[in-house]
Amino acid sequence: MVTPPEPLTRFYSVIPAGGIGSRLWPLSRADAPKFLHDLTGSGSTLLRATWDRLAPISGPDRIMVVTGRAHRAAVEAQLPDLIDPNVVLESEPKDSSAAIGLAAAILVRREPDVIIGSFAADHVISDQRGFRRAVVEAVAAAEAGYIATIGITPTDAAIGFGYIHCGDPLDIPGAPRAVSVDSFVEKPDLATAQSYLADGNYLWNGGMFISRADVLLKQLGETEPQLLAGLEELAEAWDTPRRGAVVDKVWPELKKIAIDYTVAEPAAAAGRLVVIPGDFDWDDVGDFAAIAKLHSGGRKSDLAILGENARVLADASSGVVISQTGRLISLIGVTDIVVVDTPDALLVTTSANAQRVKSVVDALKLSGRSDVL
């Protein structure tokens, strides 16, 4: 019997579990975001799978989850080993800088030399060994004073992901694959993505950041000093009876901004950011086309069917059907179709248009139809 590796010393995992996954509407809603769903057919929700992936690396008592107040009960039901001091509740979404920054500010007060790693609650990674290998190297880079990210080796010219432009190799003990980061690139068009793939010096941005907590907070403070001041005030009161009053006062005033802009991009410009290439499988399940691909192994002729009581009759059809109603769904001669059937909303589109689902959510918000959001 193989003995599993020990958890990493000084390391703490942080799982930001926020957002509603608007490109997965109407399956993903404000009260049931995508990380609370099983989208892989494995029997585990994306959140639970993330926990199971991180627990052997940091230890289950060293995982902090940052989520909305409305999701606390569901999160704790799915993660029974999550200890109360490691539950951080947001009164309203403020994006990743506030979520990860607050976790860092709380943890550095509890453990001044702590190294934290931030990993989204809604990504799919099945290669546990490859993932751990990359995290171990990222932690070594963090110990050397860098902020590290894990970039995913591209398998195709994807236009739904951001990219990292890799620079020169670095000589960091324990991190032989670490290279500098030249720049971050937003989601490209197809021609640009194809050129990145051909170039070979670009990785997908998986949104994973590993750093000493004090180093991350220093970088955040250089970019957004007012945001850092608010987070420090919150962290100062967090483990005291004053927490509730301070959260109510400070949290609404925090700037809503992604950590890519407050930490990653400025750190890259200053030569403080490194990337570890991750050669493991990865998907952020960003739209229904991604779900179809996960279940079909990339074979476009297949039809993926999700839902405990799904009733589907299909003839010469492909794509994905997700059913929560038990209603009979019949498909004849349609290819790359997306059908999502819920009790109060029905979505029909194609894989090619899956990224446009977000525009439906935006239109519903503008029309005041919050009852289906």
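The exercises below deal with the nonpolar cores and salt bridges of this structure.

This is a predicted model, in which local features need pLDDT of at least 70 and side-chain atom pairs count only at pLDDT 80 or more, while totals for chains, interfaces and linings use all residues. Residues are numbered from 1 along each chain as its sequence is written, and side-chain values use heavy atoms, with hydrogens and water left out.

**Exercise 1.** Find which residues have the most contacts inside the largest nonpolar core.

*Solution.* A nonpolar core is a set of buried Ala, Val, Leu, Ile, Met, Phe, Trp, Tyr and Cys residues joined through side-chain atoms within 4.5 Å, where buried means under 20% relative accessible area, exposed over 50% and partly exposed in between (1.4 Å probe, protein chains only). The largest such core has 50 residues, and F11, F131, V135, I210 and F280 have the most contacts inside it. Helix 4 (residues 128-143) gives the most to this core, namely eight residues; helices (H or I, at least four residues) and strands (E, at least two) are DSSP runs, numbered from the N terminus.

**Exercise 2.** Work out what the salt bridge between D156 and K293 ties together.

*Solution.* A salt bridge requires a side-chain nitrogen of Lys or Arg within 4 Å of a carboxyl oxygen of Asp or Glu, and the side chains of D156 and K293 meet at 3.1 Å, N to O. Because D156 lies in the loop between strand 5 (147-152) and strand 6 (163-169) and K293 in helix 10 (residues 288-296), the pair ties together parts that are 137 residues apart in sequence. D156 is partly exposed at 27% relative accessible area, and K293 is partly exposed at 44%.
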